[in-house]
Amino acid sequence: MFKSMIGQLKCAAPLFLVLGSSLVAAHGDKHKAEASGPVDKTQQIWGVAADAGKSDKTITMALSDNMRFSPSKVTVQEGDTVTFKLKNDGAIMHEFVLGTKETLEEHAALMVKFPGMEHSEPYMAHVPPGETREVNWTFNKPGEFDFACLIAGHYQAGMVGTVTVEVK
């Protein structure tokens with residue numbers, strides 16, 4: 001019986017390596033400055049990705065080492081396409097991730113387990129110290145949504161904010 005279990009584990013090991021490496025490769029300290037293809041416009045609860053240069057509004061946001069976004073509260077109108085211009089004023093890496101409280105909490109837990117995760121989703125951006133990145137997003141549903149820095153420890157220290165999407 002023991003030999004049978006060892007044999008099953010040996011057969012399953014490559015599967016664990018593939019699955020585990022693809023999960024970790026999905027995120028990391030690298031930021032893709034150039035998109036490798038068209039923007040993924042999959043509808044999310046909090047809206048849909050927008051093409052660069054086609055925004056109705058630009059919101060400049062500072063990310064700082066005191067674990068805060070400035071501003072931390074944003075209000076837009078339903079249907080607005082927003083460019084978040086994200087400037088890291090700190091000395092350490094920060095990120096900006098749009099979502100709901102639930103999706104951000106789930107992702108924050110993953111970031112604690114896999115701190116080197118690389119982000120490629122259009123609602124996320126790693127922002128190295130002293131640099132600026134952009135996230136282009138259309139808020140096509142009213143409600144209150146969230147954003148956060150999910151680098152391990154940052155979310156837990158309160159690096160969070162809200163986007164209120166008002167009905168036009």
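A residue is counted as buried when its relative accessible area is under 20%, and by this criterion strand β5 is mostly covered, with six of its eight residues buried. This strand belongs to a predicted model of a chain in which buried residues make up 39% of the 168 residues. The chain averages a pLDDT of 82, and 77% of the residues score at least 70. Over residues 1–35, however, pLDDT stays under 50, and the model has 33 contacts beyond four places in sequence for this stretch. Where pLDDT is low, the predicted coordinates should not be read in detail.

The chain holds two helices and 10 strands, which follow one another along the sequence in the pattern α-β-β-β-β-β-β-α-β-β-β-β. Of the contacts between residues at least 6 apart in sequence, 78% join residues at least 24 apart. The surface exposed by the chain amounts to about 9,200 Å², of which carbon and sulfur atoms supply 59%.

Strand β5 takes its place in an open sheet of five strands, ordered β1-β8-β5-β2-β3, in which the pairing is mixed. The edges of this sheet are formed by β1 (48–49) and β3 (68–70), each of which has a single partner strand, so that one side of each is left without a neighbour in the sheet. Within the sheet, β5 (residues 81–88) pairs with β8 (residues 132–138) in the antiparallel sense over seven bridges; phenylalanine 84 stands opposite valine 135 of β8, and lysine 85 has glutamate 134 of β8 as its bridge partner. Strand β2 (residues 57–64) also pairs with β5 over seven bridges, but in the parallel sense, and here threonine 58 is matched with threonine 83 of β5 as its bridge partner.

Another open sheet, likewise described by mixed pairing, is formed by five strands in the order β4-β10-β9-β6-β7. Because β4 (73–77) and β7 (124–127) stand at its edges with a single partner strand each, one side of each is left without a neighbour in the sheet. Neighbouring strands of this sheet are turned by 20° against each other on average, direction being ignored. Helix α2 (residues 101–113) packs on the sheet, where it touches β6 (94–99), β7 and β9, and the direction of the helix makes about 140° with that of β6.

Strand β6 is mostly covered, six of its six residues being buried. The cover extends to both faces of the strand, since His94, Phe96 and Leu98 on one side and Glu95, Val97 and Gly99 on the other are all buried. In a regular strand the side chains alternate between the two faces of the sheet. The pairing of β6 with β7 is antiparallel and runs over four bridges, with methionine 124 of β7 as the bridge partner of valine 97. Three bridges join β6 to β9, again with the strands running antiparallel, and leucine 98 stands opposite phenylalanine 147 of β9.

Strand β9 (residues 143–148) is in turn joined by six bridges to the antiparallel strand β10 (residues 160–166), in which valine 160 is the bridge partner of alanine 148. Threonine 162 also lies in strand β10. With a relative accessibility of 15%, threonine 162 counts as buried, and, when residues up to four places away in sequence are not counted, threonine 162 touches Ser72, Lys73, Val74, Glu144, Phe145, Asp146 and Phe147.

The largest nonpolar core has 37 residues, and those with the most contacts inside it are Met61, Phe84, Leu86, Phe96, Leu98, Phe139 and Val163. In soluble globular proteins, nonpolar side chains tend to be buried together. For phenylalanine 96, the residues touched, not counting those up to four places away in sequence, are Met61, Phe69, Phe84, Leu86, Tyr123, Met124, Ala125, Val135, Phe147 and Ala148.

Key
Residues numbered from 1 in each chain as written. Predicted model: local features only at pLDDT ≥ 70, side-chain atom pairs only at ≥ 80, totals over all residues. Heavy atoms only, no water. Pairing = 2+ DSSP bridges. Axes fitted to C-alpha atoms, helices over the stretch in contact; angles between N-to-C directions. Contact = heavy atoms within 4.5 Å. Core = buried A, V, L, I, M, F, W, Y, C linked by side-chain atoms within 4.5 Å. Buried < 20%, exposed > 50% of the residue type's maximum accessible area, 1.4 Å probe, protein only. pLDDT = per-residue confidence, 0-100. Areas by Shrake-Rupley, 256 points an atom, 1.4 Å probe, with all protein chains shown as cover.
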